[in-house]
Amino acid sequence: MRDKSLPKNYPSHFPKSKKEESEFGEGKKDILICKKCNAVYYYKSWHHRLDDYPYLSEKKNLKFVLCPACQMIKEKKYEGEVIVENVSQKVRKEIINTVKNMGEEAFRRDPQDRIISIKETNGNSKRISILTTENQLAVRIGKKIARTFKGKLNIRYSKKESTARIKVVL
Ligand SMILES: [Zn+2]
């Protein structure tokens, strides 16, 4: 018997519309997994592990992608830059440890917030430069270093690139 809810001219193999396909293919039902760092995307944000996902028993499509942080690192991009100048040998290690700790803490809270690199340059004035995937992390690091090591803080935001550049002169 004919299904009365369907229109009379409804073809037996009605093709899915593009919209429907994308809603069911790439929409809310998919779980994205970063192939680089294993971060997992669900509930509209990135998480550390799939194990924490409460509905894992439901069949979901797993898609392997690069998460925004890994993508950013791959493309050598960053959102935050902290430059610390006039770093004396006495505080060098302490500053680096402070930065590392803050990076680990941020990463634990959100897998998208990370320190990309910590570089030391030995010129006339010794400097440390730090790149982060997230601008607020860079601002927090800059403020903490300025406060702890009595430096002069300068923060510049670029709305266009959504980056923060922080300079701390000790
Ligand atoms: Zn990743």
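**Group meeting: the core of a predicted model and the elements around it**

Let me begin with the largest nonpolar core, which has 28 residues; within this core, Val82, Val84, Ile130 and Ile141 touch the most other members. Several elements each supply at least two residues of this core: strand E2 (40–42), helix H2 (68–74), strand E5 (80–85), helix H3 (89–109), strand E7 (126–132), helix H4 (135–148) and strand E9 (163–169). The largest share, five residues, comes from H4. Domain 1 (18–65) and domain 2 (73–169) both give residues to this core, so the core lies between them. I should state at once that the model is predicted.

As general background, nonpolar side chains in soluble globular proteins tend to be buried together. Ile130 serves as an example from the core. Which residues is Ile130 in contact with, once its neighbours within four places in sequence are left aside? They are Val82, Val99, Ile115, Ile118 and Ile141.

Allow me now to step back to the whole chain. The protein chain contains four helices and nine strands. Read from the N terminus, the order of the elements is α-β-β-β-β-α-β-α-β-β-α-β-β. Of the 170 residues in the protein chain, 24% are buried. Taking the contacts between residues at least 6 apart in sequence, 60% join residues at least 24 apart.

I turn next to helix H3. This helix has 21 residues, and the distance from its first C-alpha to its last is 31 Å, close to the 30 Å expected at 1.5 Å a residue. Its buried residues are Ile95, Val99, Met102, Gly103 and Ala106. They lie on the same side of H3, because they cover an arc of only 100° around the axis. The face turned away from that buried side carries exposed residues, namely Lys90, Lys93, Glu94, Asn97, Asn101, Glu104, Glu105 and Arg108. What covers the buried residues of H3? The cover includes E5, strand E6 (115–122), E7 and H4.

Helix H4 can be described in the same order. H4 has 14 residues and reaches 20 Å from first C-alpha to last, close to the expected 20 Å at 1.5 Å a residue. The buried residues here are Asn135, Leu137, Ala138, Ile141, Gly142, Ile145 and Ala146. Because they cover an arc of only 165° around the axis, these residues are on the same side of H4. Arg147 and Thr148, on the other side of H4, are exposed. Covering the buried residues of H4 are, among others, E5, H3, E7, strand E8 (152–158) and E9. Just after H4, Lys150 takes a positive phi of about 55°.

Strand E9 deserves separate attention. In a regular strand, the side chains alternate between the two faces of the sheet. Along E9 the side chains do alternate: Ala164, Ile166 and Val168 point to one face and are buried, whereas Thr163, Arg165, Lys167 and Val169 point to the other and are not.

Which way do the partners of E9 run? E5 and E9 run parallel and are joined by six bridges; here Ile83 stands opposite Lys167 of E9. E8 and E9, by contrast, run antiparallel and are joined by seven bridges. Within E9, Val169 is the bridge partner of Lys152. E8 and E9 form a hairpin with four residues between them, and Ser162 in the turn has a positive phi of about 50°.

I close with two loop residues. Lys76 lies in the loop between H2 and E5. Although Lys76 is not a glycine, its phi is positive, at about 55°. Is Lys76 buried or exposed? Lys76 counts as exposed, because it has 9 C-beta neighbours inside 10 Å, and the cut-off for an exposed residue is 12 or fewer.

The second residue, Asn86, is placed in the loop between E5 and H3. Asn86 is likewise a residue other than glycine with a positive phi, in this case near 60°. With 15 other C-beta atoms within 10 Å, Asn86 is partly exposed.

To return to the starting point: the core draws residues from both domain 1 and domain 2, so it lies between them, and H4 gives the largest share of its residues. Thank you for your attention.

Terms used: Residues are numbered from 1 along each chain as its sequence is written. This is a predicted model: local features need pLDDT of at least 70, side-chain atom pairs count only at pLDDT 80 or more; totals for chains, interfaces and linings use all residues. A nonpolar core is a set of buried Ala, Val, Leu, Ile, Met, Phe, Trp, Tyr and Cys residues joined through C-beta atoms within 7 Å. A residue is buried if 20 or more other C-beta atoms lie within 10 Å of its own, exposed if 12 or fewer, and partly exposed in between; C-beta atoms are placed from the backbone. Domain bounds come from an automatic or database domain assignment. Two residues are in contact if their C-beta atoms, placed from the backbone, lie within 7 Å. The expected span of a helix is 1.5 Å times one less than its number of residues. The arc is that of the directions from the helix axis to the C-beta atoms. Two strands pair if DSSP finds at least two bridges between them.
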